[in-house]
Structures are given as structure tokens and as C-alpha cells.
Amino acid sequence: MNCLLLEQGDGILVIDCGSSFPNDDRGIDLYHPDFAYLLERRELVRGIFLTHGHEDHIGGIPYLVKQLPVPIHGPPHALGLVRRRLIEHDIDPDDLSLNVAEAGERHAVGGFVVEPIRVAHSIVEASALCIETSLGTMVHTGDFTFDPDPPDGEPTDQRRLEQIGDGGVALLLSDSTNIDSVDRIGGERSVGAALERIVAESPARVVVALFASNIQRLMLLGDIAVSTHRRICLLGRSLEAQVEVATKIGRLHWPSDLLVAPDKVHSLPPRNVLVLAGGTQGEKNSAMVRLARGAHPKLELVPSDTVVFSSRAIPGNERLVQETQDAILRKGAMLRTMLSEPEVHTSGHASRSEQAWMLELLRPERFIPVHGTLRHMMRHAELARSFGVPHVQVTENGIPVSVTANGLALEQPVRWGKLAVSTSGEPLDAETLKRRGDIGRTGVAFVALALDARDRIVAGPSVSTVGVAGVDDDAKARSVVQRDVLQAVRRLRSTKVADLEEELRRVARRALLDLCGVRPVVKVEVLRSSEKS
Ligand SMILES: [Zn+2]
Ligand SMILES: [Zn+2]
């Protein structure tokens with residue numbers, strides 16, 4: 001997730017405010033940045049500028065503006081998505097200042113003047129930001145490619161970038177994440193051509209899994225559906241949302257009768273159906289995973305279906321993607337992915353040669369790589385040095401870089417982090433997450449007993465477990481724990497309740513360790529009556 005602060009004199013400009021997704025199973029809906037640094041300086045924060053509408057650039061906004069309602073600037077598409085997201089969070093978008101920033105316009109935000117410049121990316125209206133600061137011009141590329149012919153007809157504005165380069169660039173911040181690809185292999189249109197071929201030669205239904213936000217690809221798929229006489233069935237809330245917003249702002253022009261509802265698909269011949277599904281990463285409740293597992297309420301995969309993953313597995317998600325694809329194969333459907341057919345997906349991020357071209361156009365005095373792992377950023381830094389950029393600095397989350405007349409320097413770390421939000425919308429602190437992890441690994445045991453005011457046992461001890469292998473279904477095993485607990489209670493008469501609970505917890509854990517070889521999470525509850533009888 002991306003969230004970068006630019007600070008000068010008495011003003012802070014926030015560039016992007018993203019979220020990220022978990023790849024474990026602890027009930028986390030998403031992560032957003034820890035905003036403590038901003039909240040401590042709230043009167044200095046002048047606004048947020050968005051480069052584009054991807055989740056990793058806008059998903060954190062509701063969590064920030066709930067606490068700090070600052071103006072937001074960005075392209076219409078990104079603002080349309082933000083608006084929707086705010087409403088989902090019960091925030092009235094009209095209570096905030098949302099400012100459309102078109103490419104080429106100049107917007108003063110605090111002491112900064114920001115001009116968005118069009119860049120090609122796997123979404124519409126992506127922009128690099130040219131920012132006038134007290135130290136000169138800075139450029140933040142946002143996510144970009146140099147795809148020469150993107151479906152929306154708006155390639156990266158190389159002329160404007162070159163002009164800015166001619167005027168002198170004090171600092172460049174540029175997207176590093178795709179440095180391992182040497183060159184761009186085809187643009188969005190070549191993906192469109194490959195998809196069109198696959199859809200046209202498929203005799204029955206085709207299901208295409210794609211990143212919901214890839215409006216460029218949705219444009220092409222609309223054309224493909226028309227030319228192959230198919231109607232499109234959208235599966236997944238985020239696809240529906242993306243199509244709705246892109247249509248509303250005039251970026252997607254699908255014929256009004258192109259869409260067919262999932263429960264009406266059965267009334268059409270399979271060769272006239274093109275299903276688009278979210279869930280390329282094997283996300284648990286996504287449409288693709290439900291289809292693969294035969295758990296979708298409206299549609300079922302059949303052997304005549306062709307399923308295309310027009311996507312790649314984001315590092316860390318490989319196992320989930322693999323499991324989903326295996327489940328599809330078990331259904332007997334035909335599977336096509338970029339592993340066997342590289343042309344069914346292309347990255348929205350600059351390859352190394354495109355990153356090099358950006359450096360050549362802008363010829364910056366200083367360079368900081370962004371948006372990648374440390375390894376990506378270090379390789380990108382190496383590339384910048386090889387182009388003779390005088391000052392290059394790699395930094396990581398929470399470590400500010402000061403930009404001075406002499407170059408770049410790392411500062412002391414500031415408070416930073418990522419905060420988890422549960423699937424029910426509640427914040428999840430580190431301790432709760434740790435407990436969820438512990439319970440998942442070992443299971444949990446409950447011990448309960450009641451004492452009267454003279455410490456005679458009036459009920460219990462009861463012992464129950466959930467998810468403790470070898471104990472859950474074994475009353476005899478539990479009675480062993482019960483016996484140890486009982487002995488301890490007799491030994492520990494008239495101890496304070498809290499101390500008694502702690503000691504019993506220790507005793508129960510040791511007994512369970514002997515029984516099953518793990519130390520489950522143990523919760524002990526002692527009730528002591530205050531009434532003398
Ligand atoms: Zn992006
Ligand atoms: Zn991104």
C-alpha cells in the first residue's frame with residue numbers, strides 16, 4: 001500500500017493513501033497505514049493528492065478522513081471510487097472537499113503546486129505528479145508504463161515529461177515494482193488480441209478472471225463480447241463497482257444490452273456468454289474461488305467451460321492461486337493462464353527499460369525509488385546510478401529522507417505501521433491478532449469453576465477444548481486436566497481470584513502439553529461467591 005508524505009516549511013502533502021490485503025486467514029479484511037504521524041501534525045496537513053484509483057493508492061482514505069477530513073484531489077475516476085468507498089463507511093462525500101484534478105491543470109495545495117501528467121497504466125486516468133516545491137520541481141511517477149497505444153487512447157505524455165526534464169528536476173520518485181522484467185512484452189491491446197482469439201475459438205462459455213480495476217481491459221472485453229456475439233455476466237462486487245463508476249464518468253461505453261444478470265445466464269446458449277469474474281488471487285470469498293469450488297449461488301462451472309486467468313499471481317499469493325486453478329481443473333473445465341500463454345496478461349508497471357526511459361526523459365538531480373520491495377528499489381537505485389543521477393537514496397517505510405541543496409539524507413525513523421481491520425470493520429490490534437494466530441496454531445481450552453465464600457468448590461472444574469487435537473473428542477483426556485486443576489485448587493485455597501486463575505492456567509497448559517504435545521491457549525474463569533453461607 002502506498003502513502004507518501006511530502007513535507008516542507010509548514011505544510012504536509014499526502015500523495016496517495018492506499019490499503020493492502022492479508023494473505024493469511026485471521027479474519028483481516030484489509031490493512032491501512034498507521035496515521036499517527038499525520039494525526040500528531042494535523043494542523044499541518046494540507047491535503048491528499050491521488051495518482052490513480054487502485055486500491056493500494058486509495059483504499060486507506062476512509063480511515064484517514066474519519067479522523068482528519070482534509071481536501072482530496074485526484075482524477076475523476078479515482079474520486080468516483082473514493083466517493084463510493086466513503087458512502088460505504090457512512091461518510092457523506094459532500095462533507096469533504098473532493099477536487100477533480102485533470103491532467104495539465106495546476107492545483108495549489110498548501111505551499112505546493114501540483115500538476116497531474118497523464119501516464120498509461122492498467123486503469124484509466126492514471127497520473128504522474130509534477131510538484132513545485134521550495135527546492136525546485138519534484139516528480140512522482142505514480143504507477144506507469146510507456147504502453148504506446150492503451151485502449152483508452154491516452155498514452156504517457158512523454159512530451160510534457162521531457163519539457164519538465166528540460167526545466168530541471170530536483171527529485172524523482174519512481175515506481176520500482178516491475179524492475180525484474182527487462183522489457184515490456186506487449187501492451188494492453190496485444191492482451192486484447194489474445195483474449196479475442198481465445199474467446200472466438202471457444203465453442204461454449206468463457207470465464208475470464210481479471211483484476212476488477214483494469215478498466216483498459218474491461219474496454220477491450222466489451223468489444224470482444226460484441227464481436228463474438230456474447231453477453232457479459234459480471235461476477236463480484238468490485239467488478240460491478242468498477243464498471244458502474246467507469247460508465248458513470250464516461251470511460252466505459254458498453255452497449256446497454258451487453259450485460260446479463262448471473263441468474264439469467266442459463267437462458268442463453270453457452271457460446272453467447274462471457275463471464276467476467278473477480279478473484280484472480282484466490283481471495284477466499286471471491287467469485288472465482290466460489291466458482292472453482294462449486295460454491296457459487298448462481299453459476300456452476302461445467303467441463304465445456306474455458307477459464308482464462310488474465311492476471312498474474314502477486315508474490316505471496318501463489319499457493320492460493322494454484323489451489324483455485326486446481327479446483328477449476330477438477331471441474332473438468334479448460335484452463336488457460338499466462339504461464340502457458342504469456343500474452344493473456346501484461347503488467348501495468350514499468351519494466352526496467354521503461355524505468356530507464358523515464359530517467360532519461362526527466363534527468364533528475366536526485367532519485368528515490370518507491371513502490372516495491374527493498375530488492376526492487378535497490379535494483380532501481382542501481383539503474384539510476386548507471387544513468388549518472390548524482391544523488392540516489394533508497395529508503396524504507398517510516399524512514400524520512402531530507403532533500404537538501406547538497407543531496408539526500410536519511411533521517412531518524414518516525415512512527416509508522418500498518419493497522420488491520422477485521423472483516424466486521426473493527427480495528428484489530430497487535431495483541432488480538434497474535435491471539436488469533438495462537439488459537440489457529442494450537443486450539444483453545446476453557447477451564448471454569450465456581451467457589452463459595454469459604455473456597456469450597458460448588459461447581460466444576462469443567463474443562464472443554466476447541467481445536468485441540470486428541471483432546472476435543474476425548475473425555476478421558478479432559479478428565480486428566482480436570483484432576484490436575486482440582487488438585488491445584490485444593491493446594492491454593494484463599495488465593496486472590498486473579499492469581500488462582502493464572503496458576504490454574506499454568507497447570508492446565510502443562511497437563512495439555514503432556515497429553516497432546518502442544519500448549520493450547522487456555523482461558524480460565526474462576527467465580528467466587530461473596531455470600532457467606
Ligand atoms: Zn496502480
Ligand atoms: Zn500501485
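Rings of Phe, Tyr and Trp (its six-membered ring) count as a pair if their centres lie within 6.5 Å, and the planes are called stacked under 30 degrees apart, edge-to-face over 60 and tilted for the rest. With that rule, a search of the whole structure turns up one aromatic pair. Its partners are Phe144 and Phe146, set edge-to-face with 5.6 Å from centre to centre and 75° between the planes. Phe144 is buried at 0% relative accessible area, and Phe146 is buried too, at 10%; here buried means under 20% relative accessible area, exposed over 50% and partly exposed in between (1.4 Å probe, protein chains only).

A word on the model: it is predicted, so local features need pLDDT of at least 70 and side-chain atom pairs pLDDT 80 or more, whereas totals for chains, interfaces and linings use all residues. Residues are numbered from 1 along each chain as its sequence is written, chains are lettered from A and ligands numbered from 1 in the order in which they are written, and side-chain values use heavy atoms, leaving out hydrogens and water.

Next come the metals. The zinc ion (ligand 2) takes its protein donors from Asp56 (OD), His57 (NE2), Asp143 (OD) and His371 (NE2), at 2.1 to 2.3 Å. Donors are N, O and S atoms within 2.8 Å of the metal (3.2 Å for Na, K and Ca), and with water not among the atoms, sites may look incomplete. Along the sequence, the spacing of these donor residues reads D-H-x85-D-x227-H. Asp143 also bridges to the zinc ion (ligand 1), 3.4 Å from the zinc ion (ligand 2). His57 sits in helix H2 (residues 55-58) and His371 in the loop between strand S17 (366-370) and helix H12 (374-386), so the two tie together parts 314 residues apart in sequence. Helices (H or I, at least four residues) and strands (E, at least two) are DSSP runs numbered from the N terminus. Both histidines are tucked away: His57 is buried at 1% relative accessible area, and His371 is buried at 18%.

As for the nonpolar interior, the largest core has 55 residues, of which Leu218, Trp254, Leu274 and Leu276 touch the most other members. Helix H7 (residues 215-227) gives the most to this core, namely six residues. A second, separate core holds 28 residues, among them Val14, Leu64, Leu86 and Leu98. Such a core is a set of buried Ala, Val, Leu, Ile, Met, Phe, Trp, Tyr and Cys residues joined through side-chain atoms within 4.5 Å.
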